[in-house]
Amino acid sequence: MKLRRILGVFYRYYYILLKGPQQLSDLFYWPFIDILLWGLTSVWIQSQNPGDAQKDLPLMLLTGLIFWQITWRGSIDVSLSLLQEFWHRNLVNLFSTPLKITEWAAGVILLCLCKLCITVCFGIAVVYFLYSLNILTIGWMFFPFAVSLLIFGWTIGFLAASAIIYWGHQVETIAFMVGFVFAPFSAVFYPVSVLPMWTQIISWCLPTTYVFEGMRSLLTSGTFPLTHLWISLGLNIVYLFLSFSLFQRTYQKSLTKGLARLE
């Protein structure tokens with residue numbers, strides 16, 4: 001891989017991001033609306049049921065929301081970057097260059113990391129100023145949690161990108177849908193125990209479940225089973241490898257059929 005090509009991909013999407021305020025809506029507007037709605041809802045529930053059982057509810061819900069934004073950011077940035085090439089009719093131009101698919105993926109991931117830092121810092125600040133809650137209460141565990149969630153976001157993103165690069169415009173909505181397929185099974189806002197038994201089996205196969213369960217355990221009891229973190233990271237490595245391998249395979253098949261047909 002060539003660094004200059006990776007940076008070229010990075011700057012290509014970076015300058016698109018700066019074209020207008022509407023491009024920044026997913027960095028600031030939607031996270032703010034989510035924090036406002038979920039925060040007010042949790043504060044209201046807490047006021048209706050005062051007591052020790054509900055004292056950590058706003059913090060748990062908003063921490064879960066910020067964490068889910070990490071997964072969503074990783075997912076949507078990969079698939080949306082590919083969709084932009086469709087919308088601008090630039091797919092053939094882009095991949096007719098010496099650019100490798102791995103270099104394109106690395107450039108997109110680099111941009112994703114930058115956007116993620118902005119969104120998470122913004123979300124933490126909003127939660128603190130609106131509700132006087134500190135998401136960083138969980139301490140240094142925030143960082144391995146965030147890494148695990150981000151890797152799974154990339155896994156989802158490459159999964160969606162695999163369908164998009166093969167079938168084109170007719171499945172472009174999958175970029176916005178696929179992340180939410182995993183959200184109910186990840187137990188973002190509630191413990192796994194509330195799910196039906198058959199869905200709990202699916203839930204424990206997802207690396208995100210171990211992070212959200214660990215987050216709640218850390219906030220309520222101050223302890224976190226490190227085995228959860230290792231299982232989460234192990235599953236992430238396997239799933240990311242499989243997802244990116246599928247993306248590469250579908251890309252090669254789409255090249256054989258001709259990328260021009262997708263535009």
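Contacts between residues 24 or more positions apart make up 77% of the chain's contacts with a separation of 6 or more. The model is predicted.

**Overall fold**

The chain holds 10 helices and 0 strands. Its radius of gyration is 19 Å, which agrees with the value near 18 Å that a compact globule of 263 residues would have. The C-alpha atoms fill a box of roughly 60 × 40 × 35 Å along the principal axes. Of the 263 residues, 50% are buried. The accessible surface comes to about 12800 Å². Carbon and sulfur atoms account for 70% of that surface.

**Pockets**

| Pocket | Volume | Nonpolar lining residues | Polar lining residues | Charged lining residues |
|---|---|---|---|---|
| Largest pocket | about 710 Å³ | 20 residues | 7 residues | 6 residues |
| Second largest pocket | about 180 Å³ | 11 residues | no residues | no residues |

The largest pocket has a volume of about 710 Å³. It is lined by 33 residues, and the closest to its centre are Asp-26, Trp-72, Arg-73, Ile-76 and Phe-176. Which helix gives the most to this lining? H3 does, with 11 residues. Helices H1 (3-17), H2 (25-48), H3 (57-87), H5 (101-131) and H7 (174-182) each supply at least two residues of the lining of the largest pocket.

H5 also serves the second largest pocket: H5 and helix H6 (142-167) each supply at least two of its lining residues. Among the residues that line the second largest pocket are Ile-70, Leu-113, Cys-117, Phe-142, Phe-143 and Leu-150. No polar and no charged residues appear in that lining.

Definitions and conventions: Residues are numbered from 1 along each chain as its sequence is written. This is a predicted model: local features need pLDDT of at least 70, side-chain atom pairs count only at pLDDT 80 or more; totals for chains, interfaces and linings use all residues. Side-chain values use heavy atoms; hydrogens and water are left out. On a 1 Å grid over the protein atoms alone, a cavity is a set of points where a 1.4 Å probe fits but cannot get out, and a pocket is an open set with protein on both sides within 12 Å along at least five of seven lines; lining residues have an atom within 4 Å of a point. Grid points are joined across faces, edges and corners, and a volume is the space filled by probe spheres set on the points. Helices (H or I, at least four residues) and strands (E, at least two) are DSSP runs, numbered from the N terminus. Ala, Val, Leu, Ile, Met, Phe, Trp, Tyr, Cys and Pro count as nonpolar, Asp, Glu, Lys and Arg as charged, and the others, Gly among them, as polar. The radius of gyration is taken over C-alpha atoms; the globule rule is 2.2 Å times the number of residues to the power 0.38. Buried means under 20% relative accessible area, exposed over 50%, partly exposed in between (1.4 Å probe, protein chains only). Contact means heavy atoms within 4.5 Å. Accessible areas come from the Shrake-Rupley method with a 1.4 Å probe; for residues, only the protein chains shown count as cover.
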